[in-house]
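These are my notebook entries from a reading of one structure. I took up the cysteines, a hairpin, the nonpolar cores, the aromatic rings and one loop residue in turn.

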Amino acid sequence: MTITSSRSQGHTRELRAARSIGRRRFLGLTTAAAALAFAVDLPATGTAAAAELDAARIEYFPFTLGVASGDPQPTSVVLWTRLAPSPYQPDGGLPAERVDVDWQVAEDETFATIVARGTAVAHPEFHHTVHIEVEGLDPGRVFHYRFRAGTWISETGRTRTAPAADSPVASMTLAAVSCQAYHDGYFTAFRHLAESDVDLVLHLGDYLYEYAVDAVGGARNYTDRVLPKRFDHETGTLEDYRLRYALYKTDPDLRAAHARHPFVVTFDDHETENNYAGSIPENAVPPAQFLLRRAAAYRAYWENQPLRAPQLPVGPDMQLYRRLQWGSLAQFDVLDTRQYRSDQAYDGAQHVPGPDSEDPARTMTGAAQEKWLLDGWRDSGALWNVLAQQVCFSGRKVDLNPVAKVSMDAWDGYPASRRRVLDGVKAAGIENLMVLTGDLHRGYAFDIKDDFGDPLSRTLGTEIVATSVTSGKDGSERPSNWATYLTANPHLKFYDGRRGYATVTLGRTEARADFMTLPYVTTPGAPVTTAASFVTEVGKPGLTQA
């Protein structure tokens with residue numbers, strides 16, 4: 001069966017949803033959010049719509065940022081691309097006119113058997129990005145896809161649908177990645193990932209960094225190109241964020257990984273600003289001013305990721321937390337630990353626990369997201385419950401003092417919020433909990449304890465922290481605090497300071513985590529090796545070295 005979609009698919013559903021939400025919520029928005037609703041336009045419809053550009057008039061290859069797919073469901077997947085013949089120009093090299101983009105999905109790389117096709121509209125208001133929610137596909141299948149604008153045809157992407165909800169899947173393999181500062185090195189890890197056989201990539205945050213990138217690309221130290229001056233300042237406006245995504249997405253290794261595997265993404269702080277908390281910025285600017293920046297950052301994030309219509313932001317608000325299933329094998333709960341959190345205690349510095357951090361009213365997730373998570377666990381019938389989130393969940397003492405300092409930006413700085421989550425694990429009878437984390441620029445493997453102050457307390461699950469792709473530059477196998485951390489935290493089973501990623505294979509009897517590391521990222525072409533592997537058995541939480 002071939003699924004055919006008309007031009008109406010495009011962004012029309014997103015526009016209806018955004019306008020509806022905007023009308024409902026407008027009166028409750030802050031002044032900054034209200035201003036943003038007008039400052040960042042949505043595409044118009046009818047006679048007020050932008051003029052149409054004949055795609056045949058596009059003179060240069062427009063698919064410079066590649067293709068991507070994401071958020072697979074049993075019969076659906078999101079396809080993404082952007083038209084940008086000149087990606088480092090603010091307008092991408094196109095006029096402010098809408099463009100028709102054809103798309104195809106096939107069972108094979110040669111497109112001999114096309115199963116879905118249609119035409120979408122790349123709106124200038126969305127920076128000529130396209131988000132296609134393809135429906136009616138067969139569950140648990142690999143598909144190939146491509147786009148066409150005029151005479152130009154994109155590279156071919158490969159994606160897959162999730163298995164049917166009740167499918168007794170034997171196993172699946174995912175990759176966990178995070179923290180890819182362009183200016184800290186090459187995305188070699190993504191090249192290796194593109195050559196790996198995984199079902200899904202979970203990006204756990206810091207897809208881009210707001211910091212300046214100089215003419216030589218920072219630590220990349222280019223000698224064959226000069227980056228435009230417009231990248232050499234911190235992002236703050238919608239144009240800034242859009243251009244920074246263009247810089248990142250022209251990287252061939254990142255493009256290769258997106259073209260090969262479906263991604264499930266969530267943001268951390270640097271996609272907007274370092275260490276922000278809810279509406280509270282890192283620096284001393286009025287919250288209303290920061291919300292304008294947050295709205296611009298969220299808008300650019302949605303535009304440049306393979307996300308569905310419900311994730312389209314409205315002003316400075318974005319519904320990013322969501323749930324995916326992989327047959328009866330796994331439930332993935334994707335969190336947002338930035339947008340709703342209380343401000344960091346003690347100015348966000350490493351600090352001993354105190355009354356500010358231990359206030360029971362403090363939250364990492366916000367009340368609505370916390371309830372959604374706990375209700376989802378209560379209703380889960382999956383063998384594995386995987387929590388994809390940003391900052392370190394397990395207790396992590398950073399010194400050997402009788403009362404040790406901990407990170408106030410991580411869950412250690414929100415112990416009451418973590419306690420409610422752990423109580424929810426027990427109340428729901430979750431036996432196979434795995435938390436996947438980014439942020440730390442190191443690889444860690446933790447046993448999740450019921451009481452992190454008591455090594456003999458019950459183990460409730462495992463946490464795998466994926467190291468950074470580049471952030472922190474080359475790194476080292478044993479950072480200077482390696483012995484201190486392992487001594488201070490008996491539930492910490494592995495700690496490595498090199499760059500890379502983690503893969504996790506979920507099976508019916510056990511899960512296996514492999515920590516993949518690279519010896520360097522400041523020059524291209526590094527090999528990848530498996531630094532360590534751990535398993536945790538079904539029904540017996542706790543990590544053992546494989």
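The entries below record what I looked up in this predicted model.

**Entry 1. Cysteines**

I began with the disulfides and obtained a count of 0. I then asked why Cys 179 forms no such bond. The closest cysteine sulfur to that of Cys 179 belongs to Cys 392 and is 12 Å away, which is too far for a bond, since a disulfide requires sulfur atoms within 2.5 Å. Looked up from Cys 392, the closest cysteine sulfur is that of Cys 179, again at 12 Å and too far. Cys 179 is buried, at 0% relative accessibility, and Cys 392 is also buried, at 1%.

**Entry 2. Hairpin of β14 and β15**

I turned next to strand β14, residues 322–326. Which of its side chains are buried? Arg 322, Leu 324 and Trp 326 point to one face and are buried; Arg 323 and Gln 325 point to the other face and are not. I note that alternation of side chains between the two faces of the sheet is what a regular strand shows.

I followed β14 to its partner, β15 (residues 330–334), which runs antiparallel to it and is joined to it by 5 bridges. Trp 326 stands opposite Ala 330 of β15. The two strands form a hairpin with 3 residues between them, and Gly 327 in the turn has a positive phi of about 60°.

**Entry 3. Nonpolar cores**

I looked up the largest nonpolar core and found 50 residues in it. Tyr 182, Phe 190, Leu 193, Tyr 248, Tyr 301 and Met 318 have the most contacts inside this core. Among the elements that give two or more residues to it are β11 (171–177), α3 (188–194), α4 (238–249) and β22 (510–518). Helix α6 supplies the largest share, 7 residues. A further core of 33 residues lies apart from this one, and includes Leu 204, Ala 330, Ile 464 and Phe 534.

I then listed the contacts of Phe 190, leaving aside neighbours within four places in sequence. They are Val 177, Gln 180, His 203, Asp 253, Leu 254, Ala 257, Phe 263 and Val 469.

**Entry 4. Aromatic rings**

I found 25 aromatic pairs in the structure. One of them, Tyr 276 with Phe 290, is tilted, at 5.4 Å centre to centre and 50° between the planes. Tyr 276 lies in the loop between β13 and α6 and Phe 290 in helix α6, so this pair ties together parts 14 residues apart in sequence. Both rings belong to buried residues: Tyr 276 has a relative accessible area of 0%, and Phe 290 has 1%.

Ring pairs also link Tyr 182, Tyr 186, Phe 187, Phe 190, Tyr 222 and Tyr 248 into a cluster. Over the ring of Tyr 186 I found the charged end of Arg 220, 5.1 Å from the ring centre. In a second case the charged end of Arg 146 sits over the ring of Phe 111, at 3.9 Å from its centre.

**Entry 5. Leu 307**

I closed with Leu 307, in the loop between α6 and β14. Is this residue buried or exposed? Leu 307 is buried, with a relative accessible area of 0%. Its C-alpha is 6.9 Å from that of Asp 71, although the two are 236 residues apart in sequence. Beyond neighbours within four places, the contacts of Leu 307 include Asp 71, Val 78, His 131, Tyr 301, Met 318 and Arg 322.

Technical notes: Residues are numbered from 1 along each chain as its sequence is written. This is a predicted model: local features need pLDDT of at least 70, side-chain atom pairs count only at pLDDT 80 or more; totals for chains, interfaces and linings use all residues. Side-chain values use heavy atoms; hydrogens and water are left out. Buried means under 20% relative accessible area, exposed over 50%, partly exposed in between (1.4 Å probe, protein chains only). Helices (H or I, at least four residues) and strands (E, at least two) are DSSP runs, numbered from the N terminus. Two strands pair if DSSP finds at least two bridges between them. A nonpolar core is a set of buried Ala, Val, Leu, Ile, Met, Phe, Trp, Tyr and Cys residues joined through side-chain atoms within 4.5 Å. Contact means heavy atoms within 4.5 Å. Rings of Phe, Tyr and Trp (its six-membered ring) pair if their centres lie within 6.5 Å; planes under 30 degrees apart count as stacked, over 60 as edge-to-face and the rest as tilted. A charge sits over a ring if NZ of Lys or CZ of Arg is within 6 Å of the ring centre and within 35 degrees of the ring normal.
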